[in-house]
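Me: Could you take me through this model and explain the terms as you go? I would like each label set against its cut-off.

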Amino acid sequence: MISPIHIISISLGVAFAIGFLGKNSNKLSAVIMLLTIGILTFISAQWAQAFYFGNQETVQIFTAGYKPPFSINLQIGVSESIIILLINSIGLLGGIYLFDTLVKTGKNAVVVYLIFIMSLNQVVLTQDIFNLFVFLEIQSIATAGLIVLERNRNSISSGFKYMIATGIISSLLLIGIVFGYYFTGSLNIADFIQANMMLSKGGAVALFLILASLLLELKPFPANGWALDVYESIKPGTSAMLSAASASAVLFALYKVLPAGNPQTFEIVLGFGLITFVGSNLLGIKQTNPQRLLGYSSVGQIGLIVAILGMKPFLGEKFTFIAIAIFISHFLAKAGLFWLSGIIKADNIRDWANLRKKPFLLVLFGTFVFTLIGFPPFPSFFGKWELIMQLSQSGYWYLVGVILLGSFFEGIYLFKWLGYAIKLDNVNLPEFNINWKKIIPVAIVGVLTYLAGYYSSFFTTGTEHFEKFFVPLFFIAILYFLDFLPNFVKNIIAIAGMSYYGYILLPGLYETDLLRFIFGAIFIVGGVLTLIAGFTYKGQRKGFHPAALMMFAGLGGIIQASNMIEFFFSWEMMTLGSYILIIRGKKSMPHGLSYMLFSLAGAYLILAAFGFTFSQNGISLEALKGLAFAPNLIYGLLAVGFMTKTASLGLHIWLPGAHAEAESDVSPMVSAILLKAGVFGLIILFLSMGAEAAGQNSILYLLGWLGAITALVGNTAASFQEDAKKLLAYSSIGQLGYILFAFSIMTHLGWLAGFTYSINHFLFKAVLFLAIGAVVLRLKTHNMYEMGGLIKRMPFAFIAVLIGIITLSGVPPLSGFAGKWLFYNAVIEKGWYFQGTIVFFAGTIAFLYSFRLIHSIFLGQLKDNHRTVKDISIWFIIPIYTLIIGIMIFSARPDLILKPIGNFLMPYFPTDALSWTDTMAKTRLGYWDGTWVMIIIGIMFSLIFAWLFILSRKATKVEQFNIAYSGERPERPETTHMAHNIYAGFNKAVGFIVTPNISKFWASASENLDGAAGYFRRIYNGNGQTYALHIIIYTLAMYLMIF
Amino acid sequence: MSYFSLEYIAMITGFLLIVLGIWAILTYKNLLKIVIGFSLFDTGINIIIVSIAYVKNSTAPIIDSAVSLKDAVNKIADPVPQALVLTSIVIGLGVTALMLAYVLKLYQDKKTLDIESFTDLKW
């Protein structure tokens, strides 16, 4: 193997040799430089391979033939080889990316770039602290050289600020090193660690200066204004190198020297790292310049990694994995993002909508954003998971909170940015050039994030059976590469895949676990049915199928999960897929963002709760049972986390917009199906709390009230909507309120009611959203007052909606009545009369909005422009009527489903079960027979229908314009249409309960956050001297805190 | 170590220069004066390095007829800091040159040396 010392010798040799090349050899020298970095990459890869696959031991290389401390020694071990491999390969890619710039600037720039890479290698390899200083200085000087690759006013002034800052920092480092030598008699880092410098005050101060300056090199918040200016103003290709390559070397240097301190030193590093992580991400919220924003994010991420270095003493054997997984995510994603910003060349993140003109760049952008936030399947997901688990296990629960808060701040600005790129108008933005030298490096790091993620899963606790989660992802990846095919081909593939998935998953579940079978059936059968509606769309429908299948794969994964990481992995896949689905809607940008932020916050609460559980009982989902310590905290966190998905009151503001603005077949997916994931989570939670035994828990009591009020507010708000899809969306909030209430009752009957509601809501909400969505597709409007009289044009839609609202409103004979009947039995048995009354009241309000769906859309006057409109598409009719068959079966033979559920519930809720004789169900309060109700009402309906039919033959048909417009003005319906603002009086009476106080609350929360970010970022006033002062004050503050 | 011994005085001087340098960096608005501040800062550090190497009544760290290999440890000044200070001076020179180059470019751009005029990037 080639000794790593040749990394230095070869680079220096080539750097000098380039100087001898002629004047017109810029291109040649750049090629030679790339080849040289290629050789460096090869050397480091060779070592990494020997360490990883062979039994290579750590090697010391002594220079000058003497042993330390009389000479400088290099060390290469596993970590060193990995870090220099990363530095050299990103150096190679970065060199390709910057190739044209370097050639244009001249061969001196080529030399500077090579020396920059070399110095980073040596910073990693050297074991001599003074040598470390020297190469850090070389790195600084080389950076100052690379900064002027971009020559304008801003880059030059930021270069000067950079020199001031690093000048002070390196001087502090030098003082520390000299006094370190004075107290230990050696310059060798190993000797420093041996010498126990913390014991003497002088040694401690020397070590403090060394560590503080290494920390300052990593741009800690708030002493980092200089670095932000640099990130913003220089070539993005250079920023990428600073953020990825330089940071890795300095982080590693800090890692090397840190053991010279004592446990307290680690804590201090941890503290300052976290302050940086949270602070920098908070201030990032206000940024609009992409490069500056990436600078903030960079600083934040590096702060997190610094904090992880400080956590080494209590992360145990998982430390290396956690640090590398989180580090490599930052490394790849940040390089990729900076490079992308060099391709797109926009000064404002809003202009990144331009990226969409090249869809694969948008996919790469999304990949990097999700990598930074820690979504699966990227390495940061596994790293963050393991970090939270280990922190909880060591008892540092508050650190979990701080880290998740910082991550959330980061999510705010990154998802805002991603939303801009996906949705904002890009017609007027200038075309940008595609240069393959710039695309290839981005594409490579993009692919590497996926590989690294897959590889990371092997190192994480509880991932022994992860193949079943990866197989669907591979399927989705293949589907993504087939995205050029027409929609109907992809739809067939998707449906086939989903059906096969259901075929292998569901039959087995029916025998073993009925709960999972029911939800699995809702997710997968529902998924297939709603996918069928997608055949309506012509063309390619790019990006739809991978997103939809990702959501369904996540939903299926939740069902299959047996431990917490499997569950959380699937949960996040589901969030990712549904976010992309939701934001596809035309006006969905703000709703996609609020959906994502609520989901993210919810997921973090769940993650924290899982961590706290893991620290007590292990990783299995069963661990949630019988928690000895802080059970109510954990259950509370989980409940709130799951309720972000069920959109309970207070956490619901994302739902109406997200569901209403989504595409016609996406609305039922995210409403009828996706919301059940939250319900499923709540059920798992309630069962873990001890089922019947937990009946008196105060959390459940609160959730019961919350459910009742949610039902009331959701239904009331629904009846005031003019937008049909919004009406259905608010109705979902109300219905999910019922479901929450029913399960919170925690009795046998309550749960039966809960299951019945869940199944019903799935069936009728899918029917209604599909039918209304199909109508909207035909009419191109959501507003009900612009519809009307469609009963003759769209009979299929009319019948579907009619059956949907009969089920919804809970009148006999359809299955909604079964739910209501069980529900009132449960309420009376439980004695929750007040809450029950509210829910009853909410139920009557449901009639109001149900009536509007029929009255405003299908009855009344047909609008002029709808005279020739066709009935809804056959591709909607098929799933709708399949679902209606489901409703009919469930209504006529509820025992087919409720009996097995009852048996399933017996072990958990043994008392007061429903007793069945044939199709008749009996409680202590009464009995009910779904089949007979159906038959009797069927007969009555037929008789009345027949009678009316006979009578109607005598009636005279009045054409619409036979007499008058019936007081309507079809061209401006909202002025006179009685369906517009139909419940004005009712609104006057009870409208106050739906004043959007909660939306106002969240709006003011986000405004305040924005304001705080805007206020605090003013410390970066742009003056190099102020930044120098920050550095000095930061050092002094650290000093005062420590000594 | 007496308070008036050479290494003590040298060390105090070094620290004074460092403080002076930092003072200059933080208070003078003129870019050139800031660069001079850095030079003072560097010089202060270099003096400290040399003062650490100093051993009273010792000779230069050269082993010849005057100093035999055996008692070298007791008789010579510490050679390591002397080697360090050379490196440090060279680096200081490089940094100063680069800073001056930047100052020149800044001056050419705005025809002023006032650091407060170069705050276009902020927040």
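Reply: Happy to; the questions and answers below go through burial, the core, domains and confidence. This is a predicted model, in which local features need pLDDT of at least 70, side-chain atom pairs count only at pLDDT 80 or more, and totals for chains, interfaces and linings use all residues. Residues are numbered from 1 along each chain as its sequence is written, while chains are lettered from A and ligands numbered from 1 in the order in which they are written.

Me: Why is A:Ile115 called buried?

Reply: A residue is buried if 20 or more other C-beta atoms, placed from the backbone, lie within 10 Å of its own, exposed if 12 or fewer, and partly exposed in between. A:Ile115 has 20 such atoms within 10 Å, so it is buried. This residue sits in helix α5 of chain A; helices here are DSSP runs of H or I with at least four residues, strands are E runs of at least two, and both are numbered from the N terminus.

Me: What does A:Ile115 touch?

Reply: Contact asks for C-beta atoms, placed from the backbone, within 7 Å. Leaving out residues up to four places away in sequence, A:Ile115 touches A:Ser11, A:Ala15, A:Ile138 and A:Ala142.

Me: What makes helix α28 of chain A largely enclosed?

Reply: Eight of the eight residues of this helix (residues 666–673) are buried, so the rest of the structure largely encloses it. Among them are A:Val666, A:Pro668 and A:Ile673.

Me: Which residues have the most contacts inside the largest nonpolar core?

Reply: They are A:Tyr113, A:Val767 and A:Ala771, in a core of 401 residues. Such a core is a set of buried Ala, Val, Leu, Ile, Met, Phe, Trp, Tyr and Cys residues joined through C-beta atoms within 7 Å. Helix α32 (residues 748–779) of chain A gives the most to this core, with 21 residues. A:Val767 touches residues including A:Ala800, A:Ile803 and A:Leu883.

Me: How is chain A divided into domains?

Reply: Domain 1 covers 1–127, domain 2 covers 219–461 + 996–1043, and domain 3 covers 468–584; the bounds come from an automatic or database domain assignment. The contact takes 16 residues from domain 1 of chain A and 21 residues from domain 2 of chain A.

Me: Which elements of chain B have the lowest and highest mean pLDDT?

Reply: pLDDT is the predictor's confidence in each residue, from 0 to 100. Helix α3 (residues 72–75) of chain B has the lowest mean, 72, and helix α2 (residues 31–53) of chain B the highest, 94. For chain B the mean is 87, with 98% of its residues at 70 or more.

Technical notes
Contact = placed C-beta atoms within 7 Å.
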